[in-house]
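Here is a short report on the fold, the core and a ligand site of one model. Please look at the structure first, then read on.

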Amino acid sequence: MNSPTQLIDQFNRKITYVRLSVTDRCDFRCVYCMSEKMTFLPRAQLLTLEELEWLGRAFLELGVTKIRLTGGEPLVRHNILQLFQGLGRLSGLKELVLTTNGSQLIKMAQPLKAAGVKRINISLDSLNPARFQNMTRVGKLEGVLRGIDAAIQVGFERVKLNAVILKNRNHDEVIDLVQFAVNRGIDISFIEEMPLGTIGSHDRAEAFYASEQIRDDLKSSFTLIPSTEKTAGPSKYYRVAHTDTRVGFISPHSHNFCDTCNRVRVTTEGRLLLCLGQEHSVDLRRVIRANPGDIEPLKQAIIKAIAIKPQKHDFELDSAPQILRYMNMTGG
Ligand code: SAM
Ligand code: SF4
């Protein structure tokens, strides 16, 4: 039995969705996410798999119904299936979902499905192998494409692609990417780049490519019908006429989605982050480790933290990044 949500912030938003970053490590080095030379956290600073499951349980007891595992690349964390299986057994969880770069899906799609994962988001920024490698710095397109097909074959309720679009890097591929999704009967979301961390590879203001521009580009090839379906995420959705595919736009710059925000994030180190674009946070790892076996102090710390959830994010592309943490620590 799930309890009614006890997590309501001062702007009357119900928090029912948590994203857990399970590792800051990754087998890719995407140009918008990481710098070329990253230093990763020492293992002792990460929440253990048991602590992550404990945290999941506390959130569920407070009325959360959806948990997304992300990272870094969640599927490169050693024994990560154990966490999916543990969370999948907890009562109150309606949706267990995952964001992945797809590199491990050929072997992991089936066990993830068996563990109770319902829906899966897979990042795919380019269909051109050289360009894909350029954007991920090291990734191989072929393995990801086979991973996407494996995910479709095992029959997740929904498979969605995520593409970060950068001007003069991959903006000319938006039609091909939608066609790729249409051919497979899956969804796709386009994401505006967010200024998280110092990346060094490009000027974020110059690379900005607005969702509205993408929508215009798609008009020559597809009819997009605004969708009334509500999802728990920040995407604004359109249905591609005569297909099963929905196209979403995640537009932190051109469309502020904060008024309906229903989610919080937990970083790899167990910091409860109340807004992706602000630094307000609470150290839950300290609470977990100070109270072994006692879930109440953890639940109280979460309830107290929700009171400081900021009203909105504040991203500026032209100034130096105000948020120094990288996306891989935060969990996208
Ligand atoms: N490694 C997995 C992946 O790539 O899907 C999960 C973690 S990744 C941080 C989650 C999502 O964040 C990906 O879709 C990625 O494209 C997106 N992302 C990373 N850095 C970003 C940034 N600076 N702005 C916008 N999206 C970003
Ligand atoms: Fe890794 Fe995902 Fe970041 Fe790319 S976006 S470097 S795949 S964590």
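Strand 6 (residues 187-191) and strand 9 are parallel partners, joined over four bridges. Strands are DSSP E runs of at least two residues, helices are H or I runs of at least four, and both are numbered from the N terminus. Two strands count as paired if DSSP finds at least two bridges between them. Ile188 has Val247 of strand 9 as its bridge partner.

This is a predicted model, in which local features need pLDDT of at least 70 and side-chain atom pairs count only at pLDDT 80 or more, while totals for chains, interfaces and linings use all residues. Residues are numbered from 1 along each chain as its sequence is written, chains are lettered from A and ligands numbered from 1 in the order in which they are written, and side-chain values use heavy atoms, with hydrogens and water left out.

**The sheet**

The twelve strands form an open sheet with mixed pairing, in the order 7-8-9-6-5-4-3-2-1-10-11-12. Strand 7 (224-226) and strand 12 (281-283) are its edges, and each pairs on one side only. On average, neighbouring strands are turned by 25 degrees against each other, direction ignored. The axes behind this angle are lines fitted to C-alpha atoms, for helices over the stretch in contact, and angles run from 0 to 180 degrees between N-to-C directions.

Three of the strand pairs are listed here.

| Strands | Sense | Bridges | Opposed residues |
|---|---|---|---|
| 2 (residues 66-70) and 3 (residues 95-100) | parallel | four | Arg68 and Val97 |
| 6 (residues 187-191) and 9 | parallel | four | Ile188 and Val247 |
| 8 (residues 236-240) and 9 | antiparallel | four | Tyr237 and Gly248 |

**Strand 9 and its hairpin**

Is strand 9 buried or exposed? Five of the five residues of strand 9 (residues 246-250) are buried, so the rest of the structure largely encloses it. Buried means under 20% relative accessible area, exposed over 50%, and partly exposed in between (1.4 Å probe, protein chains only). Arg246, Gly248 and Ile250 point one way, Val247 and Phe249 the other. In a regular strand the side chains alternate between the two faces of the sheet.

Strand 8 and strand 9 form a hairpin with five residues between them. His242 sits in that loop. At 85% relative accessibility, His242 counts as exposed. Its phi is positive, about 65 degrees, although His242 is not a glycine. Arg137 also has a positive phi of about 65 degrees. Arg137 lies in the loop between helix 4 (129-136) and helix 5 (141-154). Most residues other than glycine have a negative phi.

**The edge at strand 7**

Pro226 lies in strand 7. Pro226 is exposed, with a relative accessible area of 57%. Apart from neighbours within four places in sequence, Pro226 contacts Tyr237 and Tyr238 (heavy atoms within 4.5 Å). The C-alpha atoms of Pro226 and Tyr238 are separated by 4.3 Å, though the two are twelve residues apart along the chain.

**The core**

The largest nonpolar core has 93 residues, of which Phe59, Phe84, Phe190 and Leu218 touch the most other members. Such a core is a set of buried Ala, Val, Leu, Ile, Met, Phe, Trp, Tyr and Cys residues joined through side-chain atoms within 4.5 Å. Residues up to four places away in sequence aside, Phe190 touches residues including Ala163, Ile165, Leu218, Val247 and Phe249.

**Ligand 2**

Cys26, Phe28, Arg29, Cys30, Cys33, Met34, Gly72 and Asn101 surround ligand 2 (a heavy atom within 4 Å).
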